[in-house]
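Here are some questions on a protein model, each followed by a short answer. Look at the structure before reading on.

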Amino acid sequence: MSWMNRLVGMVRGAGPMVRDRPWERIGITGANLPRACTFVLVLALAVTFTGWALDFTARRTPSEPVRPVTVGNPAARTQAADIAPVAFLFGALPGADGSDIKLVGVIAQGKQGEGTALLAVDGRPALAWRAGTEIAAGVTLAEVRADHVLINRSGTVQEIRLPAKATPEGIVKAP
């Protein structure tokens with residue numbers, strides 16, 4: 001029974017339990033224990049944040065050289081994939097190959113042939129195109145002039161002029 005009396009005494013705070021409290025050995029009393037614990041936790045938090053900051057700001061180089069990863073079937077396809085349904089989802093119209101181009105307006109600037117043209121391609125709304133950009137597959141806006149543009153269709157140059165402006169109603173031209 002003596003071992004049980006010692007155990008009960010340790011639980012109540014008397015006896016050898018006092019020797020097993022390390023904070024009392026270093027001089028921390030019950031009133032200072034919360035402050036000491038707070039200090040230790042704040043110090044641990046500061047060390048953690050410092051470690052994270054060093055990890056995130058470290059410039060690392062890969063340990064192995066970067067190699068491209070092949071995706072899908074590496075064998076060559078026997079048939080071309082039909083991308084028309086996907087292209088339609090992104091706004092492409094069937095047959096939008098640049099066969100019908102209408103000149104709506106021009107902004108000629110700088111040297112001869114440079115500038116921007118407003119072109120309606122294949123019945124779509126007019127968009128601004130810079131000289132030298134590709135309008136459709138194989139169709140490039142070669143030059144922009146004051147009253148016309150030059151279109152390059154796979155090596156063949158085509159000239160598209162601005163439409164003639166109609167005289168507004170009610171205005172009579174003087175002879």
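**Salt bridges, core and surface**

Q: Is Arg 145 buried, partly exposed or exposed?
A: In this predicted model, Arg 145 has a relative accessibility of 22%. Buried means under 20% and exposed means over 50%. Arg 145 therefore counts as partly exposed.

Q: Which residue forms a salt bridge with Arg 145?
A: Side chains of opposite charge can pair when their charged atoms come close. The closest N and O atoms of this pair are 2.3 Å apart. The partner, at 25% relative accessibility, is partly exposed. The residue is Glu 143.

Q: Which residues are linked with Asp 147 in a network of salt bridges?
A: Asp 147 meets the side chain of Arg 161 at 2.9 Å, N to O. This pair links distant parts of the chain, 14 residues apart, with Asp 147 in the loop between S5 and S6 and Arg 161 in strand S7. Arg 161 also meets Glu 159 in a salt bridge, at 3.0 Å. The residues linked with Asp 147 are thus Glu 159 and Arg 161.

Q: Is Thr 116 buried or exposed?
A: Thr 116 lies in strand S2 and touches residues including Val 106, Trp 129 and Val 144. Its relative accessibility is 15%, and the cut-off for buried is under 20%. Thr 116 therefore counts as buried.

Q: How many residues has the largest nonpolar core?
A: Among those with the most contacts inside this core are Ile 101, Leu 119 and Leu 141. Strands S1, S2, S4, S5 and S6 each give two or more residues to this core. The core has 14 residues.

Definitions and conventions. Residues are numbered from 1 along each chain as its sequence is written. This is a predicted model: local features need pLDDT of at least 70, side-chain atom pairs count only at pLDDT 80 or more; totals for chains, interfaces and linings use all residues. Side-chain values use heavy atoms; hydrogens and water are left out. A nonpolar core is a set of buried Ala, Val, Leu, Ile, Met, Phe, Trp, Tyr and Cys residues joined through side-chain atoms within 4.5 Å. Buried means under 20% relative accessible area, exposed over 50%, partly exposed in between (1.4 Å probe, protein chains only). Helices (H or I, at least four residues) and strands (E, at least two) are DSSP runs, numbered from the N terminus. Contact means heavy atoms within 4.5 Å. A salt bridge is a side-chain nitrogen of Lys or Arg within 4 Å of a carboxyl oxygen of Asp or Glu. Lists of a residue's contacts leave out its neighbours within four places in sequence.
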